[in-house]
Amino acid sequence: MADPTPDRITVHGLTGHGFHGVYPAERENGQTFRVDAVLELDTAPAAADDDLTKTVHYGELAQQLHAVLVGEPVDLLETLAQRLADVCLAYPVVDAVEITVHKPEVDLGVPAHDVTVAIRRER
């Protein structure tokens, strides 16, 4: 019986200074955002041939995710998460991705450590 757990490549805690949010201060001053990306794919072909072209080059992926994170501002973390997921799904070998966007400097008017939005997208 095949293992039902897919292979995964994870980029955890990628950090950047972005200007996302609905409040003027967020757009003017920006703040730190963190991203976790968990990609589901079959890594067996890459492993069998020791061939980087048959998997996701996570160094390049990290650069692409960072560019979105610090790039064009959006109002919603949901929108940012979708844009990050789209980057991951642009790799043909990726079957699904889970993106978690962290907003650790969030101002909720009460003490809070972090706010996150997590999405999962499949082909």
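A residue is called partly exposed when its relative accessible area falls between the buried limit of under 20% and the exposed limit of over 50%. Keep that scale in mind for this tour, and remember that the model in your viewer is predicted.

**Stop 1: Asp-49 and its partner**

Select Asp-49. Its relative accessibility is 46%, so Asp-49 counts as partly exposed. Now add Lys-54: the two side chains meet in a salt bridge, with 2.2 Å from N to O. Lys-54 has a relative accessibility of 32% and therefore counts as partly exposed too.

**Stop 2: One step along, Asp-50**

Move to Asp-50, in the loop between helix 2 (44-49) and helix 3. Check the backbone here: phi is positive, at about 50°, although Asp-50 is not a glycine. Is Asp-50 buried or exposed? Asp-50 is exposed, because its relative accessible area is 74%.

**Stop 3: Val-56**

Stay in the loop between helix 2 and helix 3, and select Val-56. The setting changes here: at 2% relative accessibility, Val-56 counts as buried. Which residues is Val-56 in contact with, leaving aside its neighbours within four places in sequence? Show Ile-9, Leu-39, Leu-41, Leu-61, Tyr-91, Val-93 and Val-94 to see them. For one distance to display, pick the C-alpha atoms of Val-56 and Ile-9: they are 8.1 Å apart, while the two residues are 47 residues apart along the chain.

**Stop 4: Helix 3**

Leu-61, one of those contacts of Val-56, leads you into helix 3, where Leu-61 is among the buried residues. Select residues 58-69 to get the whole of helix 3. Its 12 residues reach 16 Å from the first C-alpha to the last, close to the 16 Å expected at 1.5 Å a residue.

Next, colour the buried residues of helix 3: Leu-61, Ala-62, Leu-65, Val-68 and Leu-69. Turn the view until you look down the axis of helix 3; the buried residues fall within an arc of 125°, so they line one face of the helix. As background, an α-helix has 3.6 residues a turn, so residues three or four places apart point the same way. What covers the buried residues of helix 3? The cover includes strand 1 (7-18), strand 2 (31-41) and helix 4.

**Stop 5: A surface patch**

Follow the chain out of helix 3 to Leu-76, in the loop before helix 4 (77-89). Leu-76 counts as partly exposed because its relative accessibility is 44%. Add Val-22 and Tyr-23, and you have the nonpolar surface patch that these residues make with Leu-76, about 310 Å² in area.

**Stop 6: More salt bridges**

Side chains of opposite charge can pair when their charged atoms come close. How many salt bridges are there? The count comes to 7.

Select Lys-103 and Glu-26, whose closest N and O atoms are 2.6 Å apart in a salt bridge. Lys-103 lies in the loop between strand 3 (94-102) and strand 4 (116-122), and Glu-26 in helix 1 (residues 24-29), so the pair ties together parts that are 77 residues apart in sequence. Both Lys-103 and Glu-26 are buried.

For the last selection, take Arg-120 and Glu-122, a salt bridge with its closest N and O atoms 2.4 Å apart. Arg-120, at 36% relative accessibility, counts as partly exposed, whereas Glu-122 is exposed, with a relative accessible area of 55%. Add Glu-40 to complete the picture: salt bridges that share partners join Glu-40, Arg-120 and Glu-122 into one network.

Notes: Residues are numbered from 1 along each chain as its sequence is written. This is a predicted model: local features need pLDDT of at least 70, side-chain atom pairs count only at pLDDT 80 or more; totals for chains, interfaces and linings use all residues. Side-chain values use heavy atoms; hydrogens and water are left out. Patches are made of residues with over 30% relative accessible area and no salt bridge: like charges are joined within 9 Å, nonpolar side chains (Val, Leu, Ile, Met, Phe, Trp, Tyr) within 5 Å. Accessible areas come from the Shrake-Rupley method with a 1.4 Å probe; for residues, only the protein chains shown count as cover. A salt bridge is a side-chain nitrogen of Lys or Arg within 4 Å of a carboxyl oxygen of Asp or Glu. Helices (H or I, at least four residues) and strands (E, at least two) are DSSP runs, numbered from the N terminus. Buried means under 20% relative accessible area, exposed over 50%, partly exposed in between (1.4 Å probe, protein chains only). The expected span of a helix is 1.5 Å times one less than its number of residues. The arc is that of the directions from the helix axis to the C-beta atoms. Contact means heavy atoms within 4.5 Å.
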